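This report covers two ligand sites and the residues around them. The sequence and structure come first, followed by the description.

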Amino acid sequence: GDCAYPHWVTVIDESSALQTLSTVFGYDQFRGDQAAIIDHVVGGGDALVLMPTGGGKSLCYQIPALLRPGTGIVVSPLIALMQDQVDALAAVGVRAAFLNSSQSGAAQADVANRYRAGELDLLYVAPERLSVPSTQDLLDSAPIALFAIDEAHCVSQWGHDFRPDYLTLAHLVDRWPDVPRIALTATATHETHQEILARLKLTDSRQFVADFDRPNIQYRIEPKNAVRQQLLSFIRREHAGDAGIVYGLSRRTVEETATFLQRNDINALPYHAGMDAQTRRATQERFLREDGLVIVATIAFGMGIDKPDVRFVAHVDLPKSVEGYYQETGRAGRDGLASTAWLAYGLADVVMQRQLIDKSDGDLDYRRRLGQNLDAMLALCEMVECRRVGLLKYFGQTSSACGNCDTCLHPPETWDGTVAAQKLLSTVYRLRHERRQGFGAGQSIDILLGKSTPKVESNRHQELSTFGIGTELTEAQWRTVARQLLARDLLAVDQHGALVLTEGSSAVLRGDVSVQLRHDPVVVKPAKSKSGGAGARKARDGDVIDLTDADEALYEQLREWRRARAKQDGMPAYVIFHDATLREIARRRPATEDDLIGVSGVGDKKRANYGADVVNVVANN
Ligand code: ADP
Ligand code: ZN
């Protein structure tokens, strides 16, 4: 009894979604909530989907767009990536196109004609285009399967990616009340979640909140001392030849770090907002197309980059919020293979971030919010327990110790730092309240260590009662004490970077509370070798295939073939096949094209296009 549906609605059962998944995309099962989401949207329902990066959001609107009559309209802020998205869809036989300001008039007219003729399964549109009357008229000229609002957190005015054009998307429901809307994002604190629902008028939609864990990413945070050197040895020891992203806060850091890596034979390029648009585009292109390129970037780089084989994301400066950190690190390991999120941070980061907040425009409320974001990030950095538990808790999810983060792998030791804290705080007290002077952490540490520097002598700081009372710790140890006190708001900095006491300081000084500090790890051991080790290779869809030496050789030949073929076809290598697919092929050694059926990532179109080549490479091995 399908009579409840208008005659033109094809009533879909789950098996046709599953069939599309396998014949078009080459995957044999849905992940997590994908099946339920697809079912709901195909049935005409609105949805909000919160899923971590790499979780598989795209299929949640692509498959419904294929199954419902009409064209799926995808709203995306990522204009620079639209061509790649369309190419990747073409590679699996999906008819897609885009409309944005980068196109010529002729190209736009061509897309419009194909849309009117019903020849498009998916149409990607920049948000600013949707409010233009001519675009709306165009959309009215043919049936719309659904609206997908990608990167939906861009509607959040508090967020780090706010786009004013997103606010106008609330009107979609007024003009097209019967077209299902699905909003998707990887950013998911409770606040952002509520804001998306309200601003996009999706309060009646069904909400799907996925598990935010990314088990294949190993989280590591280490103290900063010589950060470039630390970064270099991290890359050399664990990710030589891998693709990765290094984030820094300033253009200068980005430039200098990229140059340093280049001098040390790492294939690295800078990317920041100060570069012209063309160079930025070329850099992004190269990152997508070349194997093993490292991009050193300000946060302007990477949103929506769906390069699946980014093996590491490194931060050489402290991120401003856990939300931003999780988005950025989430760009590693979308293919489900082992990847690393590495962050180095130190005392100077905390001082700088606190100052930035003090100096920022915006009202008190806004600055308070920034302060809370930073506090949460610092708490994560100073965690003694599992980092993943801390991260997931931030997103309102509970989990148990993961075995694949630095604190799980090398549990940090704690020590009673109460006396050390009192010594440092009372030095600050004396400087500020007895001498009415402001100094940074370095001066207090010199005083504690009893160093007669010119700055100490000219200020007669050797006369302070705390002079020389801290020789039981090294300078480096004092810096970690200062950093941890700052991180916990037991100490603060003023606009000039000078240390000041906080409300919490007095309880410590009086001895009312004790202060447990963590020892900075002396050596940070590298993760396991690439081929294995507990935890390091946790993959999403079953285990990563461990190859024999002979299969490994074949895998390398398949990669070589893929590289050549990608170049010939002018597309990124991963659009042809992911590494995981090539590994499975190397193990299975298909003798015929039919033997490729069931290999994850090989749908009908790719089998037809590349099957003969692949069988050939295998036969000649
Ligand atoms: P997101 O947009 O959430 O970051 P994507 O949609 O880009 O994630 O998916 C991440 C990767 O996972 C892609 O390479 C995609 O092809 C793959 N993927 C998605 N769903 C499945 C599935 N059901 N089975 C296997 N691979 C999948
Ligand atoms: Zn852990």
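How are the donor residues of the zinc ion (ligand 2) spaced in sequence? The spacing is C-x15-C-x2-C-x2-C. The model discussed here is predicted.

## Zinc site

Four cysteines coordinate the zinc ion (ligand 2) through their SG atoms: Cys-386, Cys-402, Cys-405 and Cys-408. The coordination distances are 2.3 to 2.4 Å. Angles among the four donor atoms run from 103 to 120 degrees, and the site is tetrahedral.

Two of these donors sit in loops on either side of α16 (387-394). Cys-386 is in the loop that follows α15 (364-381), while Cys-402 is in the loop leading to α17 (406-409), so the pair ties together parts that are 16 residues apart in sequence. Both Cys-386 and Cys-402 are buried.

## Surroundings of ligand 1

The shell around ligand 1 holds 16 residues, of which Tyr-27, Gly-54, Lys-57, Ser-58 and His-578 come nearest. Sorted by class, the shell has eight polar, four nonpolar and four charged residues.

## Polar contacts of ligand 1

Gly-54 contributes a polar backbone atom at 2.6 Å from an oxygen atom of ligand 1. Two side chains also take part: a polar atom of Arg-31 lies 3.1 Å from an oxygen atom of the ligand, and a polar atom of Gln-34 lies 3.0 Å from a nitrogen atom of the ligand.

On its own, ligand 1 has 560 Å² of accessible area, and the protein covers 87% of this area.

Terms used:
Residues numbered from 1 in each chain as written. Chains lettered and ligands numbered in written order. Predicted model: local features only at pLDDT ≥ 70, side-chain atom pairs only at ≥ 80, totals over all residues. Heavy atoms only, no water. Near = heavy atom within 4 Å. Polar contact = N/O pair within 3.5 Å; in protein donor to acceptor, adjacent residues only side chain to side chain. Areas by Shrake-Rupley, 256 points an atom, 1.4 Å probe, with all protein chains shown as cover. Nonpolar A, V, L, I, M, F, W, Y, C, P; charged D, E, K, R; others polar. Donors = N, O, S within 2.8 Å, 3.2 Å for Na, K, Ca; no water. Tetrahedral: all angles 85-135°; square planar, octahedral: opposite > 155°, others 65-115°. Helix = DSSP H or I, 4+ residues; strand = E, 2+ residues; numbered from the N terminus. Buried < 20%, exposed > 50% of the residue type's maximum accessible area, 1.4 Å probe, protein only.
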